[in-house]
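This report describes a protein chain through its helices, its charged side chains and the burial of selected residues. The sequence and the structure are shown first.

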Amino acid sequence: MNTNLSLAGGGLMPVPQDIDSQAAGRQLLIGHRELRAQLTALRAALDAADGPAAVRDAGESASLVRQLRERCLEYCLGLHHHHTMEDGAFPVFEQRYPEIAPVIERLREEHRQVAAGLERLGKLVEADDGEDVTWLRAELERTVASLEEHFRYEETHLLPALGVTVPPAV
């Protein structure tokens, strides 16, 4: 296997040069679908938490905060892995498809912005005492809006260059 080194994910790692572009694009779509499903589950947990505080006792609130923290951590780790894999493939795509270099540069910058937003969200979740999840909902919605825009941009501008047709939204 022919490889180069890349700084994907913040450290040197081998980048296989024989990446199947279409398979990588299909995998990206699968990743987006899984990440969107996790966001749906996280939103559902927040919806359940938005019920009247009087109905929950202190133990239920603590348990809810713990569950939200775990889900946020799981989501952040999954998204970090997804973006690290993409960043590792970008040098190959730039070589094969030089016309999409500006698209890839924008995606790299968006990956940095998303990582910063998720770090802020993680710190807020970690500091929360479970009394009010309204602020968490607002921060999550800001993060989700940015992430959805990122996914759509990738699906609109990167995937066609890789020979992948994005199925219509259901």
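Glutamate 148 and arginine 152 both belong to helix H4, where four residues, about one turn of the helix, separate them. Their side chains form a salt bridge in which the closest N and O atoms are 3.5 Å apart. Arginine 152 has a relative accessibility of 46% and therefore counts as partly exposed, since that class lies between the 20% limit for buried and the 50% limit for exposed residues. The coordinates come from a predicted model, and every value here is computed from it.

**Overall architecture**

The protein chain contains four helices and two strands. Along the sequence these elements follow the pattern β-β-α-α-α-α. The chain has 170 residues, of which 41% count as buried.

**Salt bridges**

The structure holds nine salt bridges. Three of them are listed in the table, each with the distance between N and O.

| Basic residue | Acidic residue | N to O distance |
|---|---|---|
| Arginine 108 | Glutamate 94 | 2.8 Å |
| Arginine 106 | Glutamate 149 | 3.8 Å |
| Arginine 152 | Glutamate 148 | 3.5 Å |

The salt bridge between arginine 108 and glutamate 94 has its closest N and O atoms 2.8 Å apart. This pair links distant parts of the chain: arginine 108 lies in helix H3 (residues 101-127) and glutamate 94 in helix H2 (residues 58-96), with their positions 14 residues apart in the count along the chain. Glutamate 94 is partly exposed, at a relative accessible area of 25%. Both residues also take part in a network of salt bridges that links Glu94, Glu105, Arg108, Glu109 and Arg112.

Arginine 106 and glutamate 149 meet through their side chains in a salt bridge of 3.8 Å, N to O. Because arginine 106 lies in helix H3 and glutamate 149 in helix H4 (residues 134-158), the pair ties together parts that are 43 residues apart in sequence. Arginine 106 is partly exposed, with a relative accessible area of 33%, and glutamate 149 is likewise partly exposed, with 45%.

**Arginine 106 and the aromatic side chains**

What lies over the face of tyrosine 153? Arginine 106 takes that position, at 3.6 Å from the ring centre. Arginine 106 thus combines this placement over a ring with its salt bridge to glutamate 149. As for contacts between rings, the structure holds zero aromatic pairs.

**Packing of H3 and H4**

Two packed helices are described by the angle between their axes and the distance between the axes. For H3 and H4 the angle is about 165°, and the axes are 10 Å apart. H3 is therefore roughly antiparallel to H4, as an angle over 145 degrees is placed in that class. The crossing of H3 and H4 is left-handed.

**Two residues of helix H2**

Is leucine 79 buried or exposed? Leucine 79, found in helix H2, has a relative accessibility of 1% and so counts as buried, the limit being under 20%. Leucine 79 and histidine 32 are 47 residues apart in sequence, while their C-alpha atoms are 9.1 Å apart in space.

Arginine 71 is also found in helix H2. With 35% relative accessibility, arginine 71 counts as partly exposed. The C-alpha atoms of arginine 71 and alanine 45 are separated by 9.1 Å, and the two residues are 26 residues apart along the chain.

Terms used
Residues are numbered from 1 along each chain as its sequence is written. This is a predicted model: local features need pLDDT of at least 70, side-chain atom pairs count only at pLDDT 80 or more; totals for chains, interfaces and linings use all residues. Side-chain values use heavy atoms; hydrogens and water are left out. A salt bridge is a side-chain nitrogen of Lys or Arg within 4 Å of a carboxyl oxygen of Asp or Glu. Buried means under 20% relative accessible area, exposed over 50%, partly exposed in between (1.4 Å probe, protein chains only). Rings of Phe, Tyr and Trp (its six-membered ring) pair if their centres lie within 6.5 Å; planes under 30 degrees apart count as stacked, over 60 as edge-to-face and the rest as tilted. A charge sits over a ring if NZ of Lys or CZ of Arg is within 6 Å of the ring centre and within 35 degrees of the ring normal. Axes are lines fitted to C-alpha atoms, for helices over the stretch in contact, and angles run from 0 to 180 degrees between N-to-C directions. Angles under 35 degrees count as roughly parallel, over 145 as roughly antiparallel, 65 to 115 as roughly perpendicular and the rest as oblique. A crossing is left-handed if the near helix is turned anticlockwise from the far one by less than a right angle, and right-handed if clockwise.
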